[in-house]
Amino acid sequence: MEISDILEPRAVIANLRAANKKQVLQEIARRTSASLFMVVVALVKVLLHRYTGQTDIIVGSPVAGRVRPELDAQVGLFVNTVALRDRIHGRDTFEAIVRRVAQTTTAAFERSEEHTSEFQSRFGISYAVFC
């Protein structure tokens, strides 16, 4: 099986059924300089696109909220959820989708500490949008 066969969105699912799934996903991650997590998120988005016909796909991901040193001594759960939003089209190659998802994921994780009020003031969005 050629890696180019694996990277076509419609062939991804069939190739995962036939091959060593982890090895296939790791090879895609290596070729696209993405993490295995990013490849799996891209795969989920392709499946959601395929089953729903929607092109605007949003997947939520939890992120650790203990990035500040002053929180180290506190007890409790510090978790944020980031929205990973991408446009998925049937004409895209899976490699292109993985690269786009990798960019989206990296940007979302970098901004995971921003609060709703910061978004509101930066973009002039009213509170009603977040409800």
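The protein chain exposes about 8500 Å², of which carbon and sulfur atoms supply 54%, with accessible areas taken from the Shrake-Rupley method with a 1.4 Å probe. The structure is a predicted model, in which local features need pLDDT of at least 70 and side-chain atom pairs count only at pLDDT 80 or more, whereas totals for chains, interfaces and linings use all residues. Residues are numbered from 1 along each chain, and side-chain values use heavy atoms, leaving out hydrogens and water.

Six helices and two strands make up the secondary structure of the protein chain, in the sequence order α-α-α-α-β-β-α-α; these are DSSP runs, with helices (H or I) of at least four residues and strands (E) of at least two. Among the 131 residues, 34% count as buried (under 20% relative accessible area, against over 50% for exposed and in between for partly exposed).

The largest nonpolar core contains 23 residues, and those with the most contacts inside it are Ile 28, Val 39, Ala 42, Phe 94, Ile 97 and Val 98; such a core joins buried Ala, Val, Leu, Ile, Met, Phe, Trp, Tyr and Cys residues through side-chain atoms within 4.5 Å. Two or more residues are given to this core by each of helix H3 (21-32), helix H4 (36-52), strand S1 (56-64), strand S2 (79-87) and helix H5 (94-110). Ala 42 touches Phe 94, Ile 97, Val 98 and Val 101, when residues up to four places away in sequence are not counted, a contact being heavy atoms within 4.5 Å.

Leu 36 lies in helix H4 and counts as partly exposed because its relative accessibility is 35%.

Conventions: Buried means under 20% relative accessible area, exposed over 50%, partly exposed in between (1.4 Å probe, protein chains only).
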